[in-house]
Amino acid sequence: MTDDLEQLKKVMDVSTPGPDASRRAANMKLAQKNFAALQASSALDRPNVRRGLLARVTKGAKSMLNALSHRGLLTATTAVAAVALVVILPQTRDYVPKPTSWKQVQSDVPQNVVAEAEDALGNSEPGFEAPVLAELAAPLSEPRNQRATDQKSVVDGNALTADEGGSTPPELSRLHGLSLERDTEAFATAETNPLKITADDPVSTFSIDVDTASYSIVRSSLLNGKLPPRDAVRIEEMINYFPYAYPLPDGQAPFRPSITVSPTPWNDGTQLVHVAIQGTTPVVEERPPLNLVFLIDTSGSMQDANKLPLLKKSFRLMLAELRPEDQVSIVTYAGSAGQVLEPTFASDQGKILAALQRLEAGGSTAGQAGLQQAYEVAETMSAEGEVTRVLLATDGDFNVGMADPEALRDFIARKRDSGTYLSVLGFGRGNLDDEVMQTLAQNGNGQASYIDTLSEARKILVDQLTGALFPIANDVKIQVEFNPAQIAEYRLIGYETRSLRREDFANDKVDAGDIGAGHSVTAIYEVTPVGSEAIRNQPLRYADSVVSDASEEIGYLKLRFKAPGSEESQLIQEPIFSGQGDVTEDIGFSYAIAGFGQLLRRGEYLNGWSYDEAIALASTSRGDDTFGYRSEAVTLMRLAQSLER
């Protein structure tokens, strides 16, 4: 036995090559070069586009293998790498099926990830088997498009960030140890209206807004223990969420404006100009037959309990309010559009409810196809003297088809002239695309609402159904001209996404908001009188020191609207005086909500006004709170105050 071992040793000694000093020096030089390159220590500038995690792993492996020419070292390092990957990635096996070939990887993994891997590997190894690549890549793929502006790429090795409402996929947390939010929400908003100098720009023009989605989104955020994203807070929608008992119009007028001018709660040196518009109270018995097309998003993103399941319950409430002669049709979209319920009279509630209950979430979001088919169905239902509406229920995730808001706007604008309006109901959080919802509703002459609870569904689809579906005035615009002899500065609170050019006011071809039966609309300006210590802008050296119009009017209100079906607008106008009107509980409460909205948006014009003062004003102005909406608002203020601390 000993002789055999000695013989084997002699054979190995003869077979083993002796040391080669020149080759050793060359290998050391190459190793130093590779080490410097992999550590990014080159004197050259670093690339400004970071490679993804997958590409960096495969590139490092390739560089390591290329640098080692000795077969024994190659075998040893490959074994070590395999053991390391098994140790690091055992948890992935319970949720990623193990592929058997590179072709399966290519079919299962998003193409951008496959291309990145091929680029790193050179795609040159014949018969390469890559189960590890799929296990790395598969959990990184998402079932929907993600906005680059809302979050950073996880494959770049960064934690994703989001405003609120998202959740962390457990597989990604285990794999990377990162804090990942899948929140891809987008909100239609603009920078806060600036303070304007009256002498330079005395005219303010905007479209009225009766949408209420923003308030419900704010409530959803706060009740989930988070402050809402700043861009989600549209103050005019928060104010107009609440019913107000403003003076009713006289005679045949569809509505009447009423103006109140009073001191500003948050600034002693300024005043608030409160413009209220109250629509006529509807006579329900006189409404025409109603044709409704429910356009329902049944894509995979709608499967959460506060999305499609809540939608079904919400529409069930609405059906109880319809009359036997009203008709309902259902169109769905998810991957492709389809009509799941032909036009059916509301008297056949069993058939309608059965069609609703059969809906299930799955697939991508073919929003364009759904809209097109919904309008086609609506055209077949329309008849003379009837009202036809499309109600789109979605989380706003249009990731297949016409995803560009501009293209959506143009499409809907072309369709509204037929008399079929579009309203949008938002459901759920996390990928709520409020921007798309607002674009559709504003250009479809409808309303945008957000339903986060069954109680909110009742408010929108039962209590306010008539106002939402039966307009009493179209293309309603407001223009206020302030008198520079009386008012030095002014700003409009809210309506940032509703601003119009001055010349748009008299142009009947420019679309604007509609007022439904029984609706009220509120707009508030904060104005700074001439001579007030609150003036923020100092006078210019070469500005005119004398203003010819020194009347006691502080401004002049103009209001344009079209009667339903008319192409020509009518004009209402009246002067505004300092101290005019009385501050009722309704007006005081609207001031409290205006302040609340500014606090949520981190407003710069509040002059130190706090949540305590907003809560006090809302509490003392609560008035007749039949449905408890105002009490709920006070609770939300308290929640926001706690979350701010």
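Here are some short exercises with worked solutions on the structure above.

This is a predicted model, in which local features need pLDDT of at least 70, side-chain atom pairs count only at pLDDT 80 or more, and totals for chains, interfaces and linings use all residues. Residues are numbered from 1 along each chain as its sequence is written, and side-chain values use heavy atoms, with hydrogens and water left out.

**Exercise 1: The whole chain**

Task: Find how many helices and strands the chain has, and what percentage of its residues is buried.

Solution:
- Step 1. Helices (H or I, at least four residues) and strands (E, at least two) are DSSP runs, numbered from the N terminus. The chain has 20 helices and 16 strands.
- Step 2. Buried means under 20% relative accessible area, exposed over 50%, and partly exposed in between, using a 1.4 Å probe and protein chains only. By that rule, 47% of the 645 residues are buried.
- Step 3. Contact means heavy atoms within 4.5 Å. Of the contacts with a separation of 6 or more, 78% are between residues 24 or more positions apart.

**Exercise 2: Thr344 and its surroundings**

Task: Decide whether Thr344 is buried or exposed, and list what Thr344 touches.

Solution:
- Step 1. Locate Thr344: it belongs to strand 7, residues 336–345.
- Step 2. Its relative accessible area is 5%, so Thr344 is buried.
- Step 3. Leaving aside residues up to four places away in sequence, Thr344 touches Asp326, Gln327, Val328, Lys351 and Ile352.
- Step 4. A polar atom of the Thr344 side chain lies 2.7 Å from the backbone oxygen of Glu342.

**Exercise 3: The two sides of helix 12**

Task: Work out which residues of helix 12 are buried and which exposed residues sit on the face turned away from them.

Solution:
- Step 1. Helix 12 spans residues 349–357, and its buried residues are Ile352, Leu353, Ala355 and Leu356.
- Step 2. Seen down the helix axis, these buried residues fall within an arc of 160°, so they line one face of helix 12. The arc is that of the directions from the helix axis to the C-beta atoms.
- Step 3. Gly350 and Gln357 are the exposed residues on the face turned away from the buried side.

**Exercise 4: Strands and their partners**

Task: Identify which strands pair with strand 3 and strand 11.

Solution:
- Step 1. Two strands pair if DSSP finds at least two bridges between them. Strand 3 (residues 255–264) and strand 4 (residues 267–279) run antiparallel, joined by 10 bridges.
- Step 2. A hairpin of two residues links strand 3 to strand 4, and Pro257 has Ile277 as its bridge partner in strand 4.
- Step 3. Strand 3 is largely enclosed by the rest of the structure, because eight of its 10 residues are buried.
- Step 4. Strand 11 (residues 471–482) has 10 of its 12 residues buried. Its antiparallel partners include strand 2, over five bridges, strand 13, over three bridges, and strand 15, over seven bridges.
- Step 5. Val480 stands opposite Ser204, and Val480 also has Leu557 of strand 15 as a bridge partner.

**Exercise 5: The nonpolar cores**

Task: Find how many residues the largest nonpolar core has, and which helix supplies its largest share.

Solution:
- Step 1. A nonpolar core is a set of buried Ala, Val, Leu, Ile, Met, Phe, Trp, Tyr and Cys residues joined through side-chain atoms within 4.5 Å. The largest has 39 residues, and Phe242 and Ile593 are among those with the most contacts inside it.
- Step 2. Helix 18 gives the largest share of this core, nine residues.
- Step 3. A second, separate core of 33 residues includes Ile352 and Leu356, which are also buried residues of helix 12.

Definitions and conventions: A polar contact is a pair of N or O atoms within 3.5 Å; within protein, one must be able to donate a hydrogen and the other to accept it, and residues adjacent in sequence count only if both atoms are side-chain atoms.
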